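User: Please take a close look at one part of this protein. I am new to reading structures, so go step by step.

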Amino acid sequence: MTHYPDSVTIREVGPRDGLQNEDPIPTEAKVRLLDALSGTGVRRIEAVSFVHPKAIPQMADADEVWRRATRVDGVRYSALVPNTRGAQRALAAGFTEIEVVVSASDTHNRRNVNRGTDESLDDIAELVDLLHGAGATVEVIVATSFGCPFEGDVDPKRVAGIVDRVVRDGADRVAFGDTTGMGTPRRVRELLTEVRDRNADVPVLLHFHNTRGTALANLLTALELGVTEFDASVGGLGGCPYAPGASGNLATEEAVHMLHDMGIDTGIDLSALIEAAELAERIVGTPLPSAILRAGPRTPRTPLPTTP
């Protein structure tokens, strides 16, 4: 019999990853969404990114959004930064959990940050020292871990080699991004096996897109392999502006619905989360991908008791 964990931690990425792929929305609306998500019981939220407004104009008001947001005890908030300037802004704003990104695909990395993967890894090594010196933790997100829109398949050994490097340089944890939605259960299994054979103790988080409809299947496979931390985006908001066609993150409410029905705790109130998804849909002004927003009933059946 397959053994699943008793609980899972979901990091809600809608306020950053989700909204960066939409037309810019007013600061007040961003704050309302962030506050609504903080009230759902979610344990982690990626709140903002500190990027140059010319690169991602949707995040131009990151400082103001974070200044006006209501912090809730028990919720861990994090910020994404692309470089030293972004890291300095995040630290000045009070963040102690910082994420940095590098693409496993050299082509995607150049499209994303205008430099090669190796150059970004050199920059990340310096950022780790800077952030650790300020008392912050660093998570390195490896984008295009399961495939690239420009190069196609990505060898798991290449991803594992990047993990070798960032762990050696002091990263506290790593995450693997399915930027293109090319991930499948086979690819998830192969990647995690390759990484764990070389770095068994590094904390791992997975970030799935649902571009090809495989996000929940990938999550289930990762659960079977012992992963307990995942990204998801309210309503299925988001994608990647530098990966053509890569729209639609795993919807948080879809993940929570499935996990709760399996008897796996997330700490999240599904009804409150669906209300937040409905708010997100009103804010962006277009229907969101989440199937739960289209379906009913909106609460899962009570799980059957498990036998020892």
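User: What does helix 6 pack against, and how does helix 5 cross helix 6?

Analyst: A note before we start: this is a predicted model. Now find helix 6, which covers residues 117–133.

Begin with its length. Helix 6 has 17 residues. At 1.5 Å a residue, it should span 24 Å. Its end C-alpha atoms are 24 Å apart, so the expected span and the model agree.

Next, look at the buried side. The buried residues of helix 6 are T117, S120, L121, I124, A125, L127, V128 and L131. These residues pack against three helices and two strands, listed here in chain order:
- helix 4 (84–93)
- strand 4 (97–103)
- helix 5 (106–113)
- strand 5 (137–143)
- helix 7 (156–168)

Now take one of these partners, helix 5. Two packed helices are described by the angle between their axes and the distance between the axes. The axes of helix 5 and helix 6 come within 8 Å. They cross at roughly 60°. That angle makes helix 5 oblique to helix 6.

Which residues touch? Helix 5 brings D106, N109, R110 and V113 to the contact. Helix 6 brings T117, E119 and S120. By type, the residues of this contact are three charged, three polar and one nonpolar.

Finally, follow the chain past the end of the helix. G135 comes after helix 6, and its phi is positive, near 85°.

To recap: helix 6 has the span expected for its 17 residues, its buried residues pack against helices and strands, and helix 5 crosses at roughly 60°.

Conventions. Residues numbered from 1 in each chain as written. Predicted model: local features only at pLDDT ≥ 70, side-chain atom pairs only at ≥ 80, totals over all residues. Heavy atoms only, no water. Helix = DSSP H or I, 4+ residues; strand = E, 2+ residues; numbered from the N terminus. Expected span 1.5 Å × (residues − 1). Buried < 20%, exposed > 50% of the residue type's maximum accessible area, 1.4 Å probe, protein only. Contact = heavy atoms within 4.5 Å. Axes fitted to C-alpha atoms, helices over the stretch in contact; angles between N-to-C directions. Parallel < 35°, antiparallel > 145°, perpendicular 65-115°, else oblique. Nonpolar A, V, L, I, M, F, W, Y, C, P; charged D, E, K, R; others polar.
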